[in-house]
Amino acid sequence: FIIENYYPSRTFLFKNQRKNKNINKLSNNNINTMHHVFSNRVFSKFFKLIEICFSLLVKKKICSFNLAHFNESFSRRLFFIKFIKFVNYKNLIKDSHFNQKIRKDLFSNLIENYKMKIKNNSSHENKVKFLTLNLLFKFFPTCFLEGLSENCYKYSIFLKNNKYKYLILDGDSSSHETYLYSILRHVNKLKVIRFNHGGGAGYIKDNRYSMEMVYKRCDIFISWGLNKFPTLPKNIPIHYLPNPWLSEKKFYYAKKNNKAKPIDILYFPQKIKSISGMLEGASTFTTDIHKEYFNQILDIINLAKKNSLFLKIKPYSYECYKILKNYLYQNNIEINCLYNAKTKSLTQKQFNESKCVLFDYPGTGFLECLTSNIPVYVIWNKKFCNVYGNYKVLFKKLNDVKISFDNPKKLINFIIDNKLEKKTIPKKRNLIINSFINHTCRIDRNWYIHWSKFFNSLS
């Protein structure tokens with residue numbers, strides 16, 4: 001199943017790169033980064049070489065191996081020269097040989113002692129135990145088990161030689177990264193600095209990943225404005241800093257094109273996965289709600305067509321593009337309304353061609369448009385995911401000024417009534433938008449000054 005459904009889509013861009021080298025400009029390496037601004041590849045490589053040279057001369061107390069969208073922003077402001085040493089964690093982790101005896105002894109005892117209650121059905125319980133044991137036996141990472149002592153020793157030597165005191169990073173993108181992070185924090189006592197990753201990481205209810213992997217596992221937390229996080233321990237200090245990436249993205253969109261905009265609505269559907277990495281209800285639409293979610297997409301397409309609005313859809317990724325393309329084909333919808341997604345961000349060209357942008361989830365893309373003064377709307381179906389009680393008032397205000405809608409019909413009616421060409425924006429609407437930005441995603445032209453003060457304050 002993986003070979004037939006997942007692997008080909010992941011290698012799609014790689015295959016095209018052999019035919020056309022220019023596609024590198026839109027490769028996955030450039031997704032959601034400031035490469036649009038910092039795009040000279042020769043200069044970037046030269047600058048990276050300077051960073052490496054300085055890292056040999058300047059001893060830093062902060063290391064990182066994953067900063068997500070902030071890599072380019074930090075690099076442009078010389079943060080990897082002044083403050084942070086970027087470490088390739090893959091060089092520090094070693095997989096070991098598979099040991100059947102260790103696995104059988106450990107996991108058999110674990111499953112037997114684990115109390116399972118599945119509808120009081122013993123046959124189901126035995127089956128689940130067998131399948132769980134089989135899963136752990138075959139796929140539990142060897143670095144967590146057979147290579148545990150060797151890797152722990154290797155990390156201790158690494159830290160002893162470099163004398164790092166802090167680790168700053170975004171989410172854990174792999175099992176190996178989670179393992180390294182855990183060892184550095186719990187065994188080697190590095191203080192860990194975390195930050196809320198995307199737009200919905202703090203106010204979206206049921207974001208399982210952040211609740212279990214981010215909030216609970218840090219010593220210092222950085223927020224863009226939100227002051228309450230569901231599972232963040234009360235003793236963890238929160239530092240409020242502007243978002244570097246969103247602060248710079250605003251200036252990327254500042255160059256406006258006064259030419260006619262042929263696209264009435266540019267629609268960004270949320271990420272769709274056939275299988276999710278873990279139980280999650282907010283950051284991805286999984287198979288249990290696919291049918292209802294696709295029906296909502298059809299409603300948006302049909303309502304736009306009925307009202308003579310030109311709608312274009314930009315899927316989250318090429319994998320999502322394939323899923324949507326197949327679904328539209330099955331429902332006799334013209335495929336030419338789909339962009340073949342190469343990046344998940346709004347590009348300068350799409351921005352200049354579109355009168356407004358639509359999301360069906362108030363995530364990072366929604367914040368990106370809101371902070372950049374781009375006409376943006378969100379259809380947020382609360383059946384799929386909801387908002388934490390602390391932030392319901394913020395979204396009610398967005399609903400009052402017609403930025404957030406709970407169904408497609410209300411949105412399309414509003415767009416038709418305002419004819420998309422209306423230039424006057426009520427003062428109240430601007431005040432509510434600014435209030436929302438200050439509460440959820442602060443931006444600042446001089447963001448790097450605030451961050452420099454924070455890094456210098458670390459003892």
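Start by selecting helix α19, residues 447–457. Helices here are DSSP runs of H or I with at least four residues, strands are runs of E with at least two, and both are numbered from the N terminus. In α19, look for W447, W451, S452, F454 and F455, which are buried; that word means under 20% relative accessible area, while exposed means over 50% and partly exposed is in between (1.4 Å probe, protein chains only). These buried residues cover an arc of only 160° around the axis, so they sit on the same side of α19. The arc is taken from the directions running from the helix axis to the C-beta atoms. Now spin to the face turned away from that buried side: there you'll find K453 and N456, both exposed.

A quick note before moving on: this is a predicted model, where local features need pLDDT of at least 70 and side-chain atom pairs count only at pLDDT 80 or more, while totals for chains, interfaces and linings use all residues. Residues are numbered from 1 along each chain as its sequence is written, and side-chain values use heavy atoms, with hydrogens and water left out.

Next, select α15, residues 364–371. Seven of its eight residues are buried, so to speak mostly covered. Among them are F366, L367 and C369. What do they pack against? Their partners are α11 (244–252), β10 (357–359), β11 (376–379), α16 (392–400) and α18 (427–440), with contact meaning heavy atoms within 4.5 Å. Following α15, click on N373, whose phi is positive, near 60°.

You've already met β10 and β11 as packing partners of α15, so show the sheet they belong to. Five strands form an open, parallel sheet in the order β9-β8-β10-β11-β13. Its edge strands, β9 (311–313) and β13 (404–405), each pair on one side only; two strands pair if DSSP finds at least two bridges between them. Zoom in on β8 (residues 265–268), joined to β9 by three bridges. One residue to label is L266, whose bridge partner in β9 is K312.

Now jump to D170, in the loop between β3 (166–168) and α9 (175–187). D170 is buried yet has no salt bridge, meaning a side-chain nitrogen of Lys or Arg within 4 Å of a carboxyl oxygen of Asp or Glu. The nearest side chain of opposite charge, R194, is 6.1 Å away; Lys and Arg count as positive, Asp and Glu as negative, and His and the chain ends are not counted. Leaving aside neighbours within four places in sequence, the contacts of D170 include N66, F195 and H197.

Last stop: K129, in helix α7 (residues 122–139). Is K129 buried or exposed? At 15% relative accessibility, K129 counts as buried.
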